[in-house]
Amino acid sequence: MDRILIRGGQPLHGEIPIGGAKNAALPLMAAGLLTAERLVLTNVPLLADVHTMAALLRQHGIAVEPVTNDGRSLSLGGAIGSVEAPYDIVRKMRASILVLGPLLARMGEARVSLPGGCAIGTRPVDLHLKGLEQLGAVIRLEAGYVHAAAPRGLAGAKVVLPFASVGATENILMAASLARGTTVLANAAREPEIGDLALCLVAMGARIEGIGTDQLTIEGVAALHGATHPIIPDRIETGTYACAAAATGGAVLLKGARLDHLGAVARILREAGVEVEDAPGGLAVRRLNGLHGVDVMTEPYPGFPTDMQAQFMVLMSVADGAAMVTETIFENRFMHVPELNRMGARINVHGASAIVRGVASLSGAPVMATDLRASVSLILAGLAARGETVVNRVYHLDRGYEAVEQKLAACGAEIERIPG
Ligand code: UD1
């Protein structure tokens, strides 16, 4: 397995291109199942999860083809030959569950392997299933698979989510687009990636009101048509490189990044002493003087994202004073803490909260990556640390970050991948 070697201590200076959002690309690709016509997505990030979703769609019978040589535009289309999403693909990526709503709405049936647990918690899909049942699906669980059927099609209904789940909102939104009648989805998640999906569905002929709010009203249509849709820039990649620049005392231009998608991240970074400003071509991020400890709690958008928690904790590890970081979305998302402590951080976890006492500097060490965001947080820690850090077991990184070593090296970081 590949490792990443970092010699820390170099402030990052330069420009970093921000790619298309992984968490927008995956549901948008699943939306390709909703139409017999061609859906073209542009600004597609070149990530392992995107390849996994392409493999899943292909085995459903969809042709997924590059439109441009760089692979950043993908065309999706073709007849659906199989309504089964097999365990072998779903176990690699939980977002595979996003094919459930589209398959059910278009074909009247779907069999999708249950994703099971993952490193950051149990992550059930009960809200997806309950929502689809409210649209008239008959669902049973058998031999590790969700069997869903709607022989006479889905019908619009009022669905109130008890928790604003991102994936459940996306599955129900896609299914409701092809249901008979009107669906009102209340307490919907409103992450920018959901807005992006909704805009693409509208371009495909869906009728959706309330985009960007927590109540979506969807008037079902008989069929959707083809469209071309550009994927929004990745706000988590943006926040990650902003933390990298701040933790190393540098200044970067994050090309193509959007301030209006950052939600609480921009405010919290500013409170911590980081300048975050709109600039020609993107977002300018610069550490001002010292960094200050700021308390954060992860929440659904526009609150502070759980996907930025580990990276922000690295920043707080080298800030003046203490910070309390509270995780409310996933129950087991502090796996980076023991590794950061091995690098000299002073972090104590008490239940769902971590107290981070800032230290003058971290020191390089061999560390072990666990989930995707934990992996990148260890890279950030390595960049900020004195000495050499080797991040082991980095395969998760390629699921969510494109060319991370190249992007960082172009800004002066001493970083290289050691193939394993
Ligand atoms: C999405 C993101 C992920 C991010 C997360 C929270 C994608 C592909 N992934 O994941 O990067 O960390 O949002 O912002 O977009 N839950 C249930 N029952 C359900 C669904 C969710 O209990 O049916 C719980 C989960 O276990 C978790 C919480 O709700 O504790 C949040 O999950 P959810 O918002 O659904 O996240 P994902 O869509 O899986």
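How does the lining of the largest cavity divide by class into nonpolar, polar and charged residues? The split is two nonpolar, three polar and four charged, where Ala, Val, Leu, Ile, Met, Phe, Trp, Tyr, Cys and Pro count as nonpolar, Asp, Glu, Lys and Arg as charged, and the others, Gly among them, as polar. The model is a predicted one, so to speak of local features takes a pLDDT of at least 70 and side-chain atom pairs count only at pLDDT 80 or more, while totals for chains, interfaces and linings use all residues. Residues are numbered from 1 along each chain as its sequence is written, and side-chain values use heavy atoms, with hydrogens and water left out.

Back to that cavity. The structure holds one cavity of 30 Å³ or more, and the volume of the largest is about 40 Å³. On a 1 Å grid over the protein atoms alone, a cavity is a set of points where a 1.4 Å probe fits but cannot get out, whereas a pocket is an open set with protein on both sides within 12 Å along at least five of seven lines; lining residues have an atom within 4 Å of a point. Grid points are joined across faces, edges and corners, and a volume is the space filled by probe spheres set on the points. Among the residues lining the largest cavity are Pro45, Leu47, Asp234, Glu237, Glu402 and Lys407.

On to the ligand. The shell around it has 17 residues, and Asp126, Leu127, Ser165, Asp307 and Ile329 come nearest; a residue belongs if one of its heavy atoms lies within 4 Å. By class the shell holds eight nonpolar, five polar and four charged residues. Helices α5 (126–134) and α6 (166–177) each supply at least two of them, and α5 gives the most, with three. Helices (H or I, at least four residues) and strands (E, at least two) are DSSP runs, numbered from the N terminus.

Some polar contacts (pairs of N or O atoms within 3.5 Å; within protein, one must be able to donate a hydrogen and the other to accept it, and residues adjacent in sequence count only if both atoms are side-chain atoms) pin down the details. A backbone N or O atom of Ile329 sits 2.5 Å from a ligand oxygen atom, and an N or O atom in the Asp307 side chain is 2.6 Å from an oxygen atom of the ligand. For Pro124, a backbone N or O atom lies 3.3 Å from a ligand nitrogen atom. Taken alone the ligand exposes 740 Å², and the protein buries 84% of that, with areas from the Shrake-Rupley method and a 1.4 Å probe; for residues, only the protein chains shown count as cover.

The second largest pocket has a volume of about 230 Å³. Its lining comprises 17 residues, with Pro192, Gly195, Asp196, Ile211 and His261 nearest the centre. Helix α7 (residues 192–203) provides the largest share, six residues.

As for the backbone, most residues other than glycine have a negative phi, and most peptide bonds are trans. Asn43, not a glycine, has a positive phi of about 60 degrees; its place is in the loop between β3 (39–42) and α2 (48–59). A cis peptide bond, with omega about 10 degrees, joins Tyr301 and Pro302.
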